[in-house]
Amino acid sequence: MKIALIGYGKMGHAVEETALQRGHTVVCTVDNDAEWTSKEALLRQAEMAVEFSTPATAVDNLRRCFALGLPVVSGTTGWDASRDEVEKECRAGGHTMLTASNFSIGMNIMFALNRQLARLMRVGDRSGANKSERLVGEDYSASICETHHIHKLDAPSGTAITLQNQIVECGGRKAESIPIESIREGEVPGTHTVTYDSEIDTITLTHEAHSRKGLALGAVLAAEWLLGAGSGVYTMNDLFV
């Protein structure tokens, strides 16, 4: 597969290394606005774009991939305010994109565990027919802590927001009842912890990335899958079904 890397920071380099190890070719890298023009001929040779840039540039990068008819895997977070609009443009134009707040296979396993735990710790309205039913989760408060390197631009992380949204959707809690603590220190690749705490005990789920390799592998696996997926908007969930 011929890949164009959009954003050539630490994640871009990690994706390049993994892509080459898996037998793919990186035909070009784009790391600033001018290179979209100067490298257009190389971009047109690509079969797939993998985009890890910044919250400020991600939306324009995606639209430029659409304009080139280039399927794109995007791992940039922090642009959710424009997500609905971009996804609508993608579908309407017959384009192809896959986005994820975290491409790590291990983190996506944690997402599945988080949804299941949220269901077990469900809270709800007991004013109806089942008002005598005891909902175990009402004894527990839920919170999230995420730690990343000092260079990360968005806080809270997209992964932490995904975890929070899952708890809201599966556990019947309100987002404001699930605080997210964001810590920026050193060169930490990424640690996410979901905590349920009560007077009796504490339950935690933690994923700790040791390097960017897991994210890079997941992004390349997503690109391999997306190449034959056809037009539409996809997520990592589509790889697991």
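## Two sheets and the contacts around them

Four strands build an open sheet in the order β7-β6-β8-β9, and the pairing in this sheet is mixed. The edge strands are β7 and β9 (202–208), each of which pairs on one side only. On average, neighbouring strands of this sheet are turned by 15 degrees against each other, direction ignored. Please keep in mind as you look around that this is a predicted model.

Let's take the pairings of this sheet one at a time. β6 and β7 run in the parallel sense and share 5 bridges; along this pairing, Thr147 has Ile183 in β7 as its bridge partner. β6 also pairs with β8, here antiparallel and through 7 bridges, and Ser141 finds its bridge partner in Asp197 of β8. β8 and β9 are antiparallel too, joined by 7 bridges, with Thr195 standing opposite Thr204 in β9. As general background, strands of a sheet pair through backbone hydrogen bonds, either parallel or antiparallel.

Two helices lie across this sheet. Helix α6 (residues 105–120) lies across β8 and β9 and runs at about 160 degrees to β9. Helix α7 (residues 158–171) lies across β6, β7 and β8, running at about 30 degrees to β8.

### The six-stranded sheet

A second open sheet has 6 strands in the order β2-β1-β3-β4-β5-β10, with parallel pairing. Because β2 and β10 (232–234) stand at the edges with a single partner strand each, one side of each is left without a neighbour in the sheet. Neighbouring strands here are turned by 20 degrees against each other on average, direction ignored. Within this sheet, β4 (residues 72–74) and β5 (residues 96–99) run parallel and are joined by 3 bridges; one of the residue pairs to look for is Val73 with its bridge partner Leu98 in β5.

Ala46 sits in the loop between α3 (40–43) and β3 (48–51). Is Ala46 buried or exposed? With a relative accessible area of 12%, Ala46 is buried. Beyond its neighbours within four places in sequence, Ala46 is in contact with Lys2, Ile3, Ala4, Val27 and Leu70. For one of these, Ile3, the C-alpha to C-alpha distance to Ala46 is 5.3 Å, although the two are 43 residues apart in sequence.

### Salt bridges

How many salt bridges does the model contain? The count comes to 11 salt bridges. Three of them are set out here.

| Salt bridge | Distance, N to O |
|---|---|
| Lys10 – Glu187 | 3.3 Å |
| Arg22 – Glu224 | 2.8 Å |
| Arg184 – Glu146 | 2.8 Å |

Lys10 and Glu187 meet in a salt bridge. Lys10 lies in helix α1 and Glu187 in the loop between β7 (180–184) and β8 (191–197), so this pair ties together parts that are 177 residues apart in sequence. Lys10 is partly exposed, at 47% relative accessibility, and Glu187 is partly exposed as well, at 43%.

Arg22 and Glu224 form another salt bridge. Arg22 is in the loop between α1 and β2 (25–30), while Glu224 is in helix α8 (residues 213–226), so the pair ties together parts that are 202 residues apart in sequence. Arg22 counts as partly exposed at 40%, and Glu224 as partly exposed at 26%.

The pair Arg184 and Glu146 links strand β7 with strand β6 (residues 141–148), 38 residues apart. Which partner is buried and which is partly exposed? Glu146 is buried, at 0% relative accessibility, whereas Arg184 is partly exposed at 25%. Elsewhere, salt bridges that share partners join Arg63, Glu85 and Glu89 into one network.

### A buried glutamate without a salt bridge

Glu16 belongs to helix α1 (residues 10–21). This residue is buried yet has no salt bridge. Why is there none? A salt bridge needs a side-chain nitrogen of Lys or Arg within 4 Å of a carboxyl oxygen, and the nearest side chain of opposite charge, Lys39, is 9.7 Å away from Glu16. What the side chain of Glu16 does have is a polar contact with the side chain of Tyr8, at 2.5 Å. Leaving aside neighbours within four places in sequence, Glu16 is in contact with Leu5, Tyr8 and Val26.

How values were computed. Residues are numbered from 1 along each chain as its sequence is written. This is a predicted model: local features need pLDDT of at least 70, side-chain atom pairs count only at pLDDT 80 or more; totals for chains, interfaces and linings use all residues. Side-chain values use heavy atoms; hydrogens and water are left out. Buried means under 20% relative accessible area, exposed over 50%, partly exposed in between (1.4 Å probe, protein chains only). Lys and Arg count as positive and Asp and Glu as negative; His and the chain ends are not counted. A polar contact is a pair of N or O atoms within 3.5 Å; within protein, one must be able to donate a hydrogen and the other to accept it, and residues adjacent in sequence count only if both atoms are side-chain atoms. Contact means heavy atoms within 4.5 Å. Two strands pair if DSSP finds at least two bridges between them. Axes are lines fitted to C-alpha atoms, for helices over the stretch in contact, and angles run from 0 to 180 degrees between N-to-C directions.
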